[in-house]
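Walk through this structure one step at a time. Keep the sequence and the model side by side as you read.

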Amino acid sequence: MTASRHRSPQHHRSLRRGAALLAALAATACALTACSALVTDDEQRRGASTESTAPASEAAFDLATSNLDTRPHTDPVPQAVEALAASGFEPAQAGKLTVAILGAGSPPTSFFAEDDAQTIIGSDPDFGSLLAEGLDLAYAPENVAWADWPLGVESGKYDVALINIGVTEERKELFDFATYRDAVMAFTVAEDSEVTEIAEPADVSGIKVIVGSGTNQEQYLLDWFAQNEEAGIDPGEAVYYDDSAAGLLALTSGRADASIEPYALAAFREQTLGDTRIVGAFNSAYPVDGQIGAVTAKGSGLVEPVQLVFASLIENGQYDAVLERWGQEDEAIAESLINPPGLPKP
């Protein structure tokens, strides 16, 4: 697999604490209510205020619907358009690319705008819009729950899913992937923690680490614990919480010493709330170098045109523009790949 282009997050900008909290509240509100399908970008623009009190240099981090005004754009990619026509693929909606997006997600990948519970912003919606433009189709985002994307894509209800979906060998049996980000997880600690780095098993010896039950990250952590036991030192302890908010409270109140969470979310929290900081990172598909991909139905013919658009975006700089405006430069990849090796089957 081509090596990823990891860069230090020196470009990361600061966001207002209040704006971050509003974004989190908007995502939580949607999770507790039934969220309808999204309107088109044009309709969003007509209904959204374009006023902003933020300086021009901070416009890229606007968490309101006015964020759409700074979204990167691209021209149709001739090679991708030709490949789409030759594939025989029929979009779910004529002339449109129907993209499944996770509205009740988390910043910076996808989340509801703080001033509109139907407008989803973030890096995944940005990439969805660019994919549509590159294929010379209209962008038609659909708000979906995580559990609903597999059947929706497989049945043809959605053309493609952009929901921070990692490549796995099991998923590749039903879906095709065109990758666009590295799958990176972070170790975070409270801002005032004495822990400065978690890079090897000995670094978690004797501390409590929050991790999701049944996840690959849990297996990664438990493997470290086992290595510590073999070395004759305190292995450490895994702790579990039902949701990220409870875990964050436990971390900042001292009931846990560290937490494992998606790198993008960890970086966003570090920049906005300032209550936590990143002290380590690893690939979430360990033991392989896994990536995040745009998901299409297996054999539908869409994955090749999508990969060609990503390749064009990487070449023309719009790919970097999206990641930089959401502080995700550390997740950049050198090239988009179709169905690369993913997380092995259990």
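Strand 7 (residues 184–190) and strand 11 (residues 276–283) are joined by seven bridges, and the two run antiparallel. Find Ala 186 first. Its bridge partner in strand 11 is Ala 281. Remember as you look that this is a predicted model.

Strand 7 also pairs with strand 10 (residues 258–262). Four bridges hold these two together, again in the antiparallel sense. Two positions show the match. Phe 187 faces Ile 260 of strand 10. Thr 188 sits opposite Ser 259 of strand 10. In a regular strand, side chains alternate between the two faces of the sheet.

Now follow strand 10 to another partner. Strand 8 (residues 208–210) pairs with strand 10 over two bridges, and this pairing is parallel. Here Ile 210 has Ser 259 of strand 10 as its bridge partner. Ser 259 therefore serves Ile 210 and also stands opposite Thr 188. How covered are these strands? Strand 7 is mostly covered, with seven of its seven residues buried. Strand 10 has four of its five residues buried, so the rest of the structure largely encloses it.

Next comes helix 8 (residues 263–272). How many of its ten residues are buried? The count is nine, so helix 8 is mostly covered. The buried residues are Tyr 263, Ala 264, Leu 265, Ala 266, Ala 267, Phe 268, Arg 269, Gln 271 and Thr 272. After helix 8 comes Gly 274, which has a positive phi, near 75 degrees.

Turn to the aromatic rings. The model holds twelve aromatic pairs. One of them joins Phe 127 and Tyr 180. Their ring centres are 5.4 Å apart, and the planes make 65 degrees. Planes over 60 degrees apart count as edge-to-face, so Phe 127 and Tyr 180 form an edge-to-face pair. This pair links distant parts of the chain. Phe 127 belongs to helix 4 (residues 123–134), while Tyr 180 belongs to strand 6 (residues 175–182). The two are 53 residues apart. Both Phe 127 and Tyr 180 are buried.

A second pair has another geometry. The ring centres of Tyr 220 and Trp 224 lie 5.2 Å apart, and their planes meet at 40 degrees, so this pair is tilted. Both residues are in helix 6 (residues 216–230). They are four residues apart, about one turn of the helix. Why does that spacing matter? An α-helix has 3.6 residues a turn, so residues three or four places apart point the same way.

Are Tyr 220 and Trp 224 buried or exposed? The cut-off for buried is under 20% relative accessible area. Tyr 220 has 10% relative accessibility, so Tyr 220 counts as buried. Trp 224 has a relative accessible area of 7% and is buried too. Tyr 220 and Trp 224 also belong to a cluster. Ring pairs link them with Phe 187, Phe 282 and Tyr 286. You met Phe 187 earlier, opposite Ile 260 in strand 10.

Now look at another sheet. It is open, has five strands and follows the order 4-1-5-12-6, with mixed pairing. Which strands form its edges? They are strand 4 (138–143) and strand 6, each pairing on one side only. From one strand to the next, the twist averages 30 degrees.

Stay with strand 6, the home of Tyr 180. Seven bridges join strand 6 to strand 12 (residues 291–297), and the two run antiparallel. Across this pairing, Thr 179 stands opposite Gly 293 in strand 12. Helix 9 (residues 303–316) packs on the sheet and touches both strand 6 and strand 12. The direction of helix 9 makes about 15 degrees with that of strand 6.

Helix 9 also packs with helix 4. Their axes are 9 Å apart, at an angle of about 105 degrees. That angle makes helix 4 roughly perpendicular to helix 9. Which residues make the contact? Helix 4 supplies Phe 127, Leu 130, Leu 131 and Gly 134. Helix 9 supplies Val 306, Val 309, Phe 310 and Leu 313. By class, the contact has seven nonpolar residues, one polar residue and no charged ones. Phe 127 thus appears in this contact and in the ring pair with Tyr 180.

Definitions and conventions:
Residues numbered from 1 in each chain as written. Predicted model: local features only at pLDDT ≥ 70, side-chain atom pairs only at ≥ 80, totals over all residues. Heavy atoms only, no water. Phe/Tyr/Trp six-rings, centres within 6.5 Å; stacked < 30°, edge-to-face > 60°. Buried < 20%, exposed > 50% of the residue type's maximum accessible area, 1.4 Å probe, protein only. Pairing = 2+ DSSP bridges. Axes fitted to C-alpha atoms, helices over the stretch in contact; angles between N-to-C directions. Contact = heavy atoms within 4.5 Å. Parallel < 35°, antiparallel > 145°, perpendicular 65-115°, else oblique. Nonpolar A, V, L, I, M, F, W, Y, C, P; charged D, E, K, R; others polar.
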